[in-house]
Amino acid sequence: MSQTGEPRTWKRPPFIQNARLRWGLWLGAAVYLTLAFGTLEVDWGRVVEGVPRGQRFIASFFPPDFLSRWEEIFDGIYESLWMTVTSTVIGVALSIPVGLGAARNLSPTPVYLACRAIVALSRTFPEIILAIFFVKLFGFGPFAGFLALSLATIGFYGKLLAEDIEAMDPVQAEAVKATGASWFQWLNYAVQPQVLPRMIGLGLYRFDINFRESAVVGIVGGGGIGATLLTSFDRYEFDSAAAILLIIIAIVMGVEYTSGFVRRWVQ
Amino acid sequence: MAVRDVNGLKQWQRRERGKQFAIWAAWLAGVAVFTYCWQLISEKTIWMFVLDSPRQAADLAERMVPPKWSYMSSLWVPLWDTLNIATLGTLMAIIIAVPVAFCAARNTTPSVYFVRPVALFVIVASRSINSLIWALMLVTIIGPGVFAGVIAIGLRSIGFCAKLLYEAIEEIDPNQVEAVTATGASGAQVLSYGIVPQVLPAFAGITVFRWDINIRESTVLGLVGAGGIGLQLDASISTLAWTQVSLILLAILATVVVSEWVSARVRHAII
């Protein structure tokens, strides 16, 4: 250790070790942000003008009015709930074969590729785009929303199921196979017990997502609380809208709490 | 051990009798609820339209091909807007989500009884309301355009980023924090040398993951007037320009695939 006049100081190592990459990323970020803010046409006049309007707007949300539109709100929430139940059940049921097919350690390559393609396609488009098309095909109402949510569920649940199966313990699977089990017995006694606890948790999580999305498919006519919400916005009845939003938040919190409870019980 | 006596022979079963009954009852209840819900939907559906739908779908598909490739020239600007909405929205979200996450994590919150519940409520409220609904509200306040989209994506992402981040903070190794505290470091120094380095990889992963989701969500914000390629989609659907619609859908597909690839690469490099 050479003795120098300066006291030695320690500097923490940077997060990205490669100096060239680090500075390159900073530079890229700076260039991108200048470009992005350059094309972001913020009409500050409109924003400033919007501040008192926004205050009035936010004030008109309070107090939330649960009573004067209670019938419509109740019908909407109720419809959202059945859409959620049916689409989660059907979506999960359909995603089991897809998920099995999309697990590399279970299926032959052509099946694997086909199932991965199904998963990728149904994951790409947001629920609302699916809902627009289903409303065109099946008419207004909860059926279109139900189909959109089920299809989105297949992509989400099938992908996670496949990943979970790929990560399972192969030793148990081999042990069951060594007893001479048929393919279905093997699936039922070796694969299913390993993935089930996590899958129940994910099913509840998807239920939660489907409920939140069911509030959106209504905006394009797919049934559920979204239509009620849009109507209350269009009629400037913001206090009813606030009531709807609060009910959605309460139900989401309830489902999240229940799913935590069920997950602990299953595991 | 679940063993049953059958004519003096012991037979193995997978579960005890009580557990078997509980599972059976849960299935019965589930099937009953599902059947009831299905019946309600079925009552509200006009099955005539459903029967007719294959013909409609074929008709629509026929009108959608071939995509009108020349329309692509007017899609570049909306695509750039979409990218900006997702990126700037994510940026805004993480700036707000970091303090919220530190307030919500049990081991860093200033007060478990006052600050933590507020932070948790912020997280749930932001997560429960879809970005389209945030956009619907913001378009009324600050007018239609990209800016409303950025704020909507930002507000929606706060909850997601803060939730994953506070879970990461709660899982940190307390020994390192204790070691830094033992050197006589102040609170801010403990934060910056003991906690932040432990959560930084998770933080970067969460940000890129959310950015990828936001690209997907920002493609539809235009449906309620908040900028991006959704505006073109809405306009093309309303004018029944189906060849343009198919091109827009292809453009969205390509964008999502690219963003997913980028996000997977970056996360792979970090973790």
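## A tour of chains A and B

Start by selecting chain B: a compact globule of 271 residues would have a radius of gyration near 18 Å, but this chain has 26 Å. Keep in mind as you go that this is a predicted model.

With chain B still selected, turn on the principal axes if your viewer draws them. Along those axes, its C-alpha atoms fill a box of roughly 75 × 65 × 35 Å.

Next, switch to a cartoon view and colour chain B by secondary structure. You should find 10 helices and two strands. Following the chain along its sequence, you meet the elements in the order β-β-α-α-α-α-α-α-α-α-α-α.

Now colour chain B by burial. Of its 271 residues, 37% are buried. If you display contacts between residues at least 6 apart in sequence, 69% of those in chain B join residues at least 24 apart.

Time to bring in the partner. Select the contact between the two chains: 42 residues come from chain A and 43 residues from chain B. Which helices of chain A each supply at least two residues to the side that touches chain B? Pick out H1 (19-39), H2 (44-59), H3 (70-101), H5 (127-138), H6 (142-166), H8 (183-217), H9 (225-234) and H10 (238-266). Colour that side of chain A by residue type, and it divides into 28 nonpolar, seven polar and seven charged residues.

For the last stop, stay on chain A and select its two assigned domains, domain 1 (19-59) and domain 2 (70-266). Place a marker at the C-alpha centre of each domain of chain A, and 35 Å will separate the two.

Conventions
Residues numbered from 1 in each chain as written. Chains lettered and ligands numbered in written order. Predicted model: local features only at pLDDT ≥ 70, side-chain atom pairs only at ≥ 80, totals over all residues. Helix = DSSP H or I, 4+ residues; strand = E, 2+ residues; numbered from the N terminus. Rg over C-alpha atoms; globule rule 2.2 N^0.38 Å. Buried ≥ 20, exposed ≤ 12 C-beta atoms within 10 Å, placed from the backbone. Contact = placed C-beta atoms within 7 Å. Nonpolar A, V, L, I, M, F, W, Y, C, P; charged D, E, K, R; others polar. Domains from an automatic or database assignment.
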